[in-house]
Amino acid sequence: MSSPEFAVQALYCSHHGWLNTWLRARLGNAADAADLAQDTFVRLLQRTERLELKAPRAFLRTIARGLVIDHWRREEIERAYLESIVHLPEAETPSAEALALVLELLELLESIARLLEGLKPKVRQAFLLAQCEGLTHKQIAEQMGLSLRSVERYVADALYHCYMLRYEA
């Protein structure tokens with residue numbers, strides 16, 4: 001077993017029970033708490049840097065808190081979607097498989113929106129026109145009334161922003 005895996009194993013043995021209890025208090029559900037505790041340690045296994053922690057419980061709590069927030073967002077999305085389809089005739093009600101696909105898509109769209117929420121409006125607009133509409137930088141510059149250089153900088157800034165958010169986590 002390599003050193004990072006051993007460090008995670010030691011954290012798991014020392015703090016899994018505490019983390020599970022902490023999560024159960026926040027979620028009010030033992031099954032979800034167990035899942036998120038497990039997901040917390042899976043996240044640690046996926047990290048490439050070494051773990052040298054002075055405050056392991058604070059570190060685990062930070063990771064778990066993010067997972068709890070994601071869990072609550074997923075539940076909120078699912079609840080809103082189910083409320084939107086409750087009045088459909090039975091013949092038009094999506095299958096369980098279609099429901100799962102729609103919820104997965106909604107979750108993906110929400111994560112993309114969170115990625116882009118820190119961008120300035122013009123940067124976000126230029127990036128979305130390039131990525132979603134497939135416009136060239138020249139077309140974006142004309143549509144937005146900007147210089148080509150500004151559009152290039154905006155799109156590059158947005159890509160860098162997304163990259164940093166994706167890989168710093």
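Which residues are exposed on the other side of H6? They are Lys 138, Glu 142 and Gln 143, where exposed means over 50% relative accessible area, buried under 20%, and partly exposed in between (1.4 Å probe, protein chains only). The model is a predicted one, in which local features need pLDDT of at least 70 and side-chain atom pairs count only at pLDDT 80 or more, while totals for chains, interfaces and linings use all residues. Residues are numbered from 1 along each chain as its sequence is written, and side-chain values use heavy atoms, with hydrogens and water left out.

Helix H6 makes a good starting point. Helices here are DSSP runs (H or I, at least four residues), numbered from the N terminus, as are strands (E, at least two). H6 covers residues 137–144, and its buried residues are Ile 140, Ala 141 and Met 144. Seen down the axis of H6, these buried residues fall within an arc of 100°, so they line one face of the helix; the arc is that of the directions from the helix axis to the C-beta atoms. Just after H6 comes Gly 145, which takes a positive phi of about 70°.

Helix H2 (residues 30–46) can be read in a similar way. At 1.5 Å a residue, its 17 residues should span 24 Å, and the end C-alpha atoms are indeed 24 Å apart, in agreement. The expected span of a helix is taken as 1.5 Å times one less than its number of residues. Ala 33, Leu 36, Ala 37, Thr 40, Phe 41 and Leu 44 are the buried residues of H2. Around the axis they cover an arc of only 135°, which puts them on the same side of H2.

Phe 41 deserves a second look. This residue is buried, with a relative accessible area of 3%. The structure has 1 aromatic pair, under a rule by which rings of Phe, Tyr and Trp (its six-membered ring) pair if their centres lie within 6.5 Å, with planes under 30 degrees apart counted as stacked, over 60 as edge-to-face and the rest as tilted. The rings of Tyr 12 and Phe 41 have their centres 4.9 Å apart and their planes at 70°, so the pair is edge-to-face. Tyr 12 belongs to helix H1 (residues 3–27) and Phe 41 to H2, so the pair ties together parts that are 29 residues apart in sequence. Tyr 12 itself counts as partly exposed, at 31% relative accessibility.

Helix H3 (residues 56–85) brings in charged side chains. The structure holds 1 salt bridge, defined as a side-chain nitrogen of Lys or Arg within 4 Å of a carboxyl oxygen of Asp or Glu. Arg 73 and Asp 70 are the partners, meeting at 3.7 Å, N to O. Being 3 residues apart in H3, the two are separated by about one helical turn. Arg 73 is partly exposed at 29% relative accessibility, and Asp 70 is partly exposed at 22%.

Glu 78 also lies in H3 and is partly exposed at 35% relative accessibility. Glu 78 and Glu 104 are 26 residues apart in sequence, with 9.6 Å between their C-alpha atoms. Glu 104 leads on to helix H4: together with Glu 97 and Leu 101, this exposed residue is carried on the face of H4 turned away from its buried side.

H4 takes in residues 96–116. Its 21 residues should span 30 Å at 1.5 Å a residue, and its end C-alpha atoms are 30 Å apart, which agrees. Leu 99, Leu 103 and Leu 116 are the buried residues of H4. Down the axis of H4, the buried residues fall within an arc of 145°, so they line one face of the helix.

Other residues of H4 can be placed too. Glu 110 lies in this helix and is partly exposed, with a relative accessible area of 22%. Its C-alpha atom is separated by 9.4 Å from that of Arg 74, 36 residues away along the chain. Leu 109, also in H4, is partly exposed at 46% relative accessibility. Finally, Cys 162 is found in helix H7 (residues 148–168), where it is buried with a relative accessible area of 13%. Cys 162 and Leu 116 are 46 residues apart in sequence and 7.3 Å apart in space, C-alpha to C-alpha.
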